[in-house]
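Got the viewer open? Load the model and we'll walk through it stop by stop, picking something to select each time.

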Amino acid sequence: KETEEVFKVKKSSYSKKIVKQLKKEYKEDLEKSKVRSEVNSPTDVEPPLEKTGQIKDIGHEDGTANSEHGEEEMEVESEKEEEKPKAGGAFSSALSSLNVLRPGEIPDAAFIHAARKKRQMARELGDFTPVDSEPGKSRLVREDENDASDDEDDDEKRRIVFTVKEKSQRQKIAEEIGIEGSDDEALVAGEQDEELSRWEQEQIRKGINIPQACIYQPAEVNNLYYQNTYQTLSYGSSYGIPYTYTAYGSSETKSQKTDNTVPFKTPSNEMTPVTIDLVKKQLKDRLDSMKELHKANRQQYEKHQQSREDSTKAIEILEGSSGGIGEQYKFLQEMRGYVQDLLECFSEKVPLINELESAMHQLYKQRASRLVQRRQDDIKDESSEFSSHSNKALMAPNLESFGRDRVIYQEQVKRRTAEREARRARRRQAREQTGKMADHLEGLSSDDEETSTDITNFNMERDRILKESSKVFEDVLESFYSIDCIKSQFEAWRSKYFASYKDAYIGLCLPKLFNPLIRLQLLTWTPLEGKCRDFETMLWFESLLFYGCEEQEQVKDDADISLLPTIVERVVLPKLTVISENIWDPFSTTQTSRMVTMVQKLVDGYPSVVNAENKNTQMLLKALLLRMRRTLDDDVFMPLYPKNILENKNSGPYLFFQRQFWSSVKLLGNFLQWYGILSNKTLQELSIDGLLNRYILMAFQNSEYGEDSIKKAQSVIACFPKQWFTNLKGDKTISQLENFCRYLVHLADTIYRNSIGCSDVEKRNAREHIKQIIKLLASVRALDHAVTVANDHNVKELKILIEGK
């Protein structure tokens, strides 16, 4: 492409030079033709042709030189003509017509023909002087020399042949510059010499600096097609011109342009002889080349075919894998939108659930506090009533002197007393109907009866909260508040794309996600009530029971396996903590038994959750201990009366004393129900140190020594867990029971002293009481005290009593 562009540029420049040369030649031929017409006859001049032939562009090197020779020839001829006498008439008019052409103007066909005739006439008259006859000169000079050597007889014929050739050459130039020729001249141009055409083609190729070897010798195969026209000869060997690779515009090219004496030879018509062996050799070489090319193409084809197969397989694999990835991406995008919507829903509804839960806890707390406050007021009222050292001022120290508040206070006391006695009468009547009156002791019953007004208010508030809870998700689709719907969404994620499910830590997020929904279902759940359902039979538990337990092999460290234990830890344990701290009444044996049963169930069924290291478990145990200590400090009261007051078993002080004693024993039994859940050290501190030694022993000391004290001692020892004394070593019991054991020893001595001087029946009864005391000491592993009592009172059945404990 670059070569063609260079050629076009050069071609345009050389055309201008040729036109300039033709102008000069035309002037010269016109003058010579006029001279000839004056010498011979004006009629001998041939009529000018209308159009000239085409002349091809002359090459870069020789063409330039030729043009320069033409210019020199023009100058020589013009000098000679100036020396000759000027002719007049028609010659002058023709000469003047040559001067009409301006510099740079393109001549027409008539102008060129006149120039050619002028030159021909000068040659015939003998006035033409050739520029150079040596080989290598320009084509025009060589033709003039050849024409001058012809005979005069054939002058007209040679002139016609020369004219035809000149027309053929100039016709090409005319076509290049846009001059049209006649039909006759076109016929003459068709008979142009083949040798001259080939020479001009060589000049054109040389002018654009493309070596002949590169054009006609690319391969041996191409020589077969150009064998008849161009043989495999170098350019320099044919024309005597040095074979060089020079760039356009180089110094060598410029030097060749300026050198006007470079000779060239006429292209020879001789051709390399073609033989059968040469043809066979070229055909064989071409066949071998084609075989090698075919082999290379075959290998390339196989390579492309294999690459195509590999690409097809890769596409199929990628399409299969991309299909799964696309579906997974679509599913995860849907899950992302669903989870975002779910979290937005919960962010709005969770505060409402918290408010409802707090309102329900507050309702139960108010009821429990009201019952506890009523019991404390009853104890204060009875203690003030039966105290011999109390007076009206002590009962109401902040009353005014006018007595107006005292009257109100007395009215409240009377009202509470009436209500208290009415409740006791109703409980007594109920025991009589059930046949439990004989075994009942005053103080063992829990005074938890409520008035109809309190029950009605409680139920109304409870129903209101439940109604509000049913409206929490009334404006939400089922898929955003139903545990089954939410579970199904995450189950589909787990079953389809477990890797991403695990990477997203969904197993750790589900307990927190289900937390508000489960708390909404546990809103009225209180294990202290008999009609309360077990949480394991509720809908949320049954729905989540088999989550993550597919038939496939379980993955190690799968968080979904511990979904329910985690929910129990984060939902049930905090719920029990609130109940223990605010609702549970340790004085109630029924509530304590249900609470112990629930906690023990969690300990046995969820050992990985309910342990000492779990924070929620620690909070629950702390709440239990705080509630028991608060009860021990605020609700336990043991009155102290003189023995003469207690001798009357139908008096109010005696009944109040017995009621407080047995309520303390009941509380001791309730405390010791937590054995196995609370540590032994904590239980012994609460039950023995805080309750037995502090309150119950005081009541023993004020009681009469006899059968009643032994019965009370048996009730106290029955509350102790037997595991405390099973693994004891030696003859001593636990250190906290030393005071109680010494009291039993003192009780035996008192019974023995009181029997001295009595009848035999009373002595036998006293001896039986002493044996019972020995059994009680043996039951608490106080063998040292039992041996002391047996030795002091001559009890020989010690071994039997100890073994039959």
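Start by selecting Phe535 and whatever surrounds it. Leaving out residues up to four places away in sequence, Phe535 touches Trp525, Trp540, Phe541, Val568, Val572, Met598, Leu602 and Tyr606, where a contact means heavy atoms within 4.5 Å.

Before moving on, some ground rules. This is a predicted model, in which local features need pLDDT of at least 70 and side-chain atom pairs count only at pLDDT 80 or more, while totals for chains, interfaces and linings use all residues. Residues are numbered from 1 along each chain as its sequence is written, and side-chain values use heavy atoms, with hydrogens and water left out.

**The core**

Widen the selection from Phe535 to the largest nonpolar core, which has 128 residues. A nonpolar core here is a set of buried Ala, Val, Leu, Ile, Met, Phe, Trp, Tyr and Cys residues joined through side-chain atoms within 4.5 Å. Buried means under 20% relative accessible area, exposed means over 50%, and partly exposed is in between (1.4 Å probe, protein chains only). Phe490, Phe535, Trp540, Leu602, Trp674 and Phe720 have the most contacts inside this core. Its largest share, 13 residues, comes from helix 12. Now pick Tyr26, Phe111, Ala114 and Ala115: they are among the 5 residues of a second, separate core.

**The whole chain**

Zoom out and colour by secondary structure: the protein chain has 31 helices and 0 strands. These are DSSP runs numbered from the N terminus (helices H or I, at least four residues; strands E, at least two). Of the 805 residues, 42% are buried. Among contacts between residues at least 6 apart in sequence, 80% join residues at least 24 apart.

Next, colour by pLDDT, the predictor's confidence in each residue, from 0 to 100. The chain's mean is 75, and 67% of its residues reach 70 or more. Select 210-262, where pLDDT is below 50; beyond near neighbours in sequence, this stretch has 90 contacts in the model. Residues 389-396 also stay under 50, with 6 contacts beyond four places in sequence.

**The cavities**

How many cavities of 30 Å³ or more does a search of the whole structure find? There are 8, and the largest has a volume of about 290 Å³. On a 1 Å grid over the protein atoms alone, a cavity is a set of points where a 1.4 Å probe fits but cannot get out, and lining residues have an atom within 4 Å of a point. Grid points are joined across faces, edges and corners, and a volume is the space filled by probe spheres set on the points.

Select Arg375, Ser445, Asp447, Arg659 and Gln660, which lie nearest the centre of the largest cavity among its 19 lining residues. Helix 12 (276-386), helix 14 (404-434) and helix 24 (652-672) each give two or more residues to that lining. The lining divides into 2 nonpolar, 5 polar and 12 charged residues; Ala, Val, Leu, Ile, Met, Phe, Trp, Tyr, Cys and Pro count as nonpolar, Asp, Glu, Lys and Arg as charged, and the others, Gly among them, as polar.

**Last picks**

Stay on helix 24 and click Gly652. Gly652 is partly exposed, at 23% relative accessible area. Draw a C-alpha to C-alpha distance to Glu382: 8.7 Å in space, though the two are 270 residues apart in sequence.

Finish with Tyr505, in the loop between helix 17 (498-503) and helix 18 (506-521). Its phi is near 55°, a positive value in a residue other than glycine. Most residues other than glycine have a negative phi. Tyr505 counts as exposed because its relative accessibility is 55%.

Definitions and conventions
On a 1 Å grid over the protein atoms alone, a cavity is a set of points where a 1.4 Å probe fits but cannot get out, and a pocket is an open set with protein on both sides within 12 Å along at least five of seven lines; lining residues have an atom within 4 Å of a point.
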